[in-house]
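Let's take a walk through this one, starting with the ligand and ending with the empty space inside the protein. Keep the 3D view open as you read.

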Amino acid sequence: MLLNDHIAVITGAASPRGIGRATAELFLEHGATVAVLDRDREALEATCRELGERAHAYVCDVTDWESVQGAIESVVARLGVPHTLVNNAGITQPKGLLEIEEGDFDAVMAVNLKGAFFCSKALMPHLTRAGRGSIVNMSSVSAERGGGIFGGPHYSAAKSGMLGLMRALARNHAADGIRVNAVAPGFIETDITAGKLTEAQHRQIRESIPMQRTGRPLDVARICLFLASELSEYVTGEVIDVNGGMHID
Ligand code: NAD
């Protein structure tokens with residue numbers, strides 16, 4: 001049990017086959033209390049029912065400052081000051097530069113990058129007062145190699161922005177006892193891509209990955225567990241790749 005007496009906030013954790021949901025499950029297994037923030041009320045309530053009594057549902061749109069601030073203040077009032085924030089909520093669009101309209105760009109930036117900024121900003125005063133905390137930004141291999149498999153350039157830009165935000169917060173808040181890191185998953189089997197690839201495209205992806213398999217949400221959740229727990233207490237400003245060798249620096 002790595003997270004006894006631990007309170008975690010995980011955004012975008014309502015999707016039944018998602019990375020956030022797998023992370024919530026693993027954190028719960030390790031003793032944590034988990035606040036799940038998601039804009040999808042129905043999925044959120046179903047998820048928290050399934051996860052059990054230590055999972056708490058907060059309807060929240062991470063692109064809306066008032067919604068984020070309200071959710072974080074409710075979490076603090078009800079559960080206490082969280083130890084960990086996983087900025088996981090994200091959307092992607094498989095579009096090329098010329099297909100991306102301004103609204104597409106704004107939407108992808110808003111959920112991925114502005115959402116991480118808003119959640120970190122809302123929680124930071126509490127973490128600073130507590131003198132401890134861990135923030136994990138869910139980036140992507142797409143940020144590192146100029147495109148993953150699915151996201152367009154606006155997604156790569158947003159996920160790269162999450163790395164810049166992570167590094168700045170890590171540097172600025174290390175002395176407050178707050179660690180900030182990122183995870184960069186490769187191709188993970190979730191609903192973000194489900195049904196959007198043909199079997200032939202899927203096989204081609206598998207064969208292009210050195211480990212010859214796509215990733216599972218649990219592969220990513222385990223890295224979030226490491227970054228939330230004391231196992232990583234001297235780690236900050238770091239990006240951990242979870243991609244089966246798809247991108248090697
Ligand atoms: P998913 O689509 O299964 O889950 C995303 C969740 O985010 C959903 O529950 C959705 O309701 C929520 N969400 C979307 N917009 C929101 C908003 N404005 N406010 C609050 N919640 C919102 O996706 P996933 O594959 O589990 O992805 C999780 C994260 O991992 C994302 O940030 C994604 O970009 C990143 N990622 C995924 C992969 C992959 O291959 N699956 C690879 C690299 C990075």
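What follows looks at the ligand and its surroundings, then at a cavity.

Bear in mind that this is a predicted model. Start with the ligand: where does the ligand sit? You'll find it in the largest pocket. A shell of 30 residues surrounds it, and the closest are Ser15, Asp38, Asn88, Tyr155 and Thr190. Sorted by class, that shell has 13 nonpolar, 11 polar and 6 charged residues. If you prefer to think in helices, α4 and α6 (153-173) each supply at least two residues of the shell.

Now zoom in on some polar atoms. Asp38 puts a polar side-chain atom 2.6 Å from an oxygen atom of the ligand, and Lys159 has one 2.9 Å from a ligand oxygen. With Cys60 the backbone is involved: one of its N or O atoms lies 3.5 Å from a nitrogen atom of the ligand. As for cover, the ligand on its own has 840 Å² of accessible area, and the protein covers 93% of that.

Next, the empty space. Rolling a probe the size of a water molecule over the atoms shows where such space is left. Here there is 1 cavity of 30 Å³ or more, and the largest cavity holds about 40 Å³ of space. Which helix gives the most to its lining? That's α4 (residues 102-130), with 5 residues. Among the lining residues are Thr11, Val62, Asn87, Asn88, Cys119 and Met162. Asn88 is worth a second look, since it lines the cavity and is also listed among the closest residues to the ligand. By class, the cavity lining has 6 nonpolar and 5 polar residues, with no charged ones.

Terms used. Residues are numbered from 1 along each chain as its sequence is written. This is a predicted model: local features need pLDDT of at least 70, side-chain atom pairs count only at pLDDT 80 or more; totals for chains, interfaces and linings use all residues. Side-chain values use heavy atoms; hydrogens and water are left out. On a 1 Å grid over the protein atoms alone, a cavity is a set of points where a 1.4 Å probe fits but cannot get out, and a pocket is an open set with protein on both sides within 12 Å along at least five of seven lines; lining residues have an atom within 4 Å of a point. Grid points are joined across faces, edges and corners, and a volume is the space filled by probe spheres set on the points. Helices (H or I, at least four residues) and strands (E, at least two) are DSSP runs, numbered from the N terminus. Ala, Val, Leu, Ile, Met, Phe, Trp, Tyr, Cys and Pro count as nonpolar, Asp, Glu, Lys and Arg as charged, and the others, Gly among them, as polar. A residue is near a molecule or strand if one of its heavy atoms lies within 4 Å of it. A polar contact is a pair of N or O atoms within 3.5 Å; within protein, one must be able to donate a hydrogen and the other to accept it, and residues adjacent in sequence count only if both atoms are side-chain atoms. Accessible areas come from the Shrake-Rupley method with a 1.4 Å probe; for residues, only the protein chains shown count as cover. A molecule sits in a cavity or pocket if more than half of its atoms lie within 2 Å of its grid points.
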